[in-house]
Amino acid sequence: MSQSSAAPLVPAVELPAVPLLQLGTWVVFYGLLAMLAIFFVSADQGAISLPAGNAVHEWVHDARHLLGYPCH
Ligand SMILES: [Zn+2]
């Protein structure tokens with residue numbers, strides 16, 4: 001087996017260009033979804049509640065404790 005100075009046969013990989021300006025709409029959309037989820041987990045306790053009652057609080061109760069938000 002002889003050593004050659006040729007480069008190993010690695011296929012050329014071309015990195016795709018990410019169009020950041022075209023992602024703006026999706027960033028805003030998922031940012032709003034994330035803020036809504038964070039609101040439901042962190043602040044929705046019945047006193048401040050989008051739907052009336054404690055149903056959302058009960059649904060996200062474990063996530064609230066997991067993330068360290070004050071609860072009870
Ligand atoms: Zn709790």
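The following exchange goes through a predicted model of one protein chain.

Colleague: What pattern does the protein chain follow along the sequence?
Modeller: The secondary structure holds three helices. It has zero strands. Read along the sequence, the pattern is α-α-α.

Colleague: In which helix is confidence lowest, and in which is it highest?
Modeller: Over the protein chain, mean pLDDT is 82. A value of 70 or more is reached by 88% of the residues. Among the helices, the lowest mean, 82, belongs to H2, residues 55–59. The highest mean is 91, in H1.

Colleague: What percentage of the 72 residues in the protein chain is buried?
Modeller: Buried here means under 20% relative accessible area. The accessible surface comes to about 6,500 Å², and carbon and sulfur atoms hold 69% of that surface. Of the 72 residues, the buried share is 11%.

Colleague: How much of the contacts with a separation of 6 or more comes from residues 24 or more positions apart?
Modeller: A contact means heavy atoms within 4.5 Å. Take the contacts in the protein chain with a separation of 6 or more. Residues 24 or more positions apart account for 19%.

Colleague: Is histidine 57 buried or exposed?
Modeller: Histidine 57 sits in helix H2. The cut-off for buried is under 20% relative accessible area. Histidine 57 has 10% relative accessibility, so it counts as buried.

Colleague: Which residues is histidine 57 in contact with, leaving aside its neighbours within four places in sequence?
Modeller: Two of the partners are Asp44 and Gln45. Arg64 is another. The full set is Asp44, Gln45, Arg64 and Cys71.

Colleague: And histidine 61: which residues does it contact, leaving aside its neighbours within four places in sequence?
Modeller: Histidine 61 lies in helix H3. With those neighbours left out, its contacts are Cys71 and His72.

Colleague: How far apart in space are histidine 61 and valine 41, C-alpha to C-alpha?
Modeller: In sequence, 20 residues separate histidine 61 and valine 41. In space, C-alpha to C-alpha, the distance is 7.4 Å.

Colleague: Is aspartate 62 buried or exposed?
Modeller: Aspartate 62 is in helix H3, residues 61–67. Its C-alpha is 9.1 Å from that of valine 41, with the two positions 21 residues apart in sequence. Exposed requires over 50% relative accessible area. Aspartate 62 is at 64%, so it counts as exposed.

Colleague: Which residues make the nonpolar surface patch of about 840 Å²?
Modeller: Patch members need over 30% relative accessible area. Phenylalanine 29, at 41%, is partly exposed, and it is one of the members. The patch is made by Val18, Leu20, Leu23, Trp26, Val27, Phe29, Tyr30 and Leu33.

Colleague: How many aromatic pairs does the count come to?
Modeller: Rings pair if their centres lie within 6.5 Å. By this rule, the count of aromatic pairs is four.

Colleague: Are the planes of tryptophan 26 and phenylalanine 29 stacked or edge-to-face?
Modeller: The ring centres are 6.2 Å apart, and the planes stand at 85°. Planes over 60 degrees apart count as edge-to-face. The pair of tryptophan 26 and phenylalanine 29 is therefore edge-to-face.

Colleague: What separates tryptophan 26 and phenylalanine 29 along helix H1?
Modeller: Phenylalanine 29 has its place in helix H1, residues 24–42. In H1, tryptophan 26 and phenylalanine 29 are three residues apart, so the separation is about one helical turn.

Colleague: Which residues form one aromatic cluster?
Modeller: Trp26 and Phe29 both belong to the cluster. Tyr30 joins them. The cluster is Trp26, Phe29 and Tyr30.

Methods:
Residues are numbered from 1 along each chain as its sequence is written. This is a predicted model: local features need pLDDT of at least 70, side-chain atom pairs count only at pLDDT 80 or more; totals for chains, interfaces and linings use all residues. Side-chain values use heavy atoms; hydrogens and water are left out. Helices (H or I, at least four residues) and strands (E, at least two) are DSSP runs, numbered from the N terminus. Buried means under 20% relative accessible area, exposed over 50%, partly exposed in between (1.4 Å probe, protein chains only). Accessible areas come from the Shrake-Rupley method with a 1.4 Å probe; for residues, only the protein chains shown count as cover. Patches are made of residues with over 30% relative accessible area and no salt bridge: like charges are joined within 9 Å, nonpolar side chains (Val, Leu, Ile, Met, Phe, Trp, Tyr) within 5 Å. A salt bridge is a side-chain nitrogen of Lys or Arg within 4 Å of a carboxyl oxygen of Asp or Glu. Rings of Phe, Tyr and Trp (its six-membered ring) pair if their centres lie within 6.5 Å; planes under 30 degrees apart count as stacked, over 60 as edge-to-face and the rest as tilted. pLDDT is the predictor's confidence in each residue, from 0 to 100.
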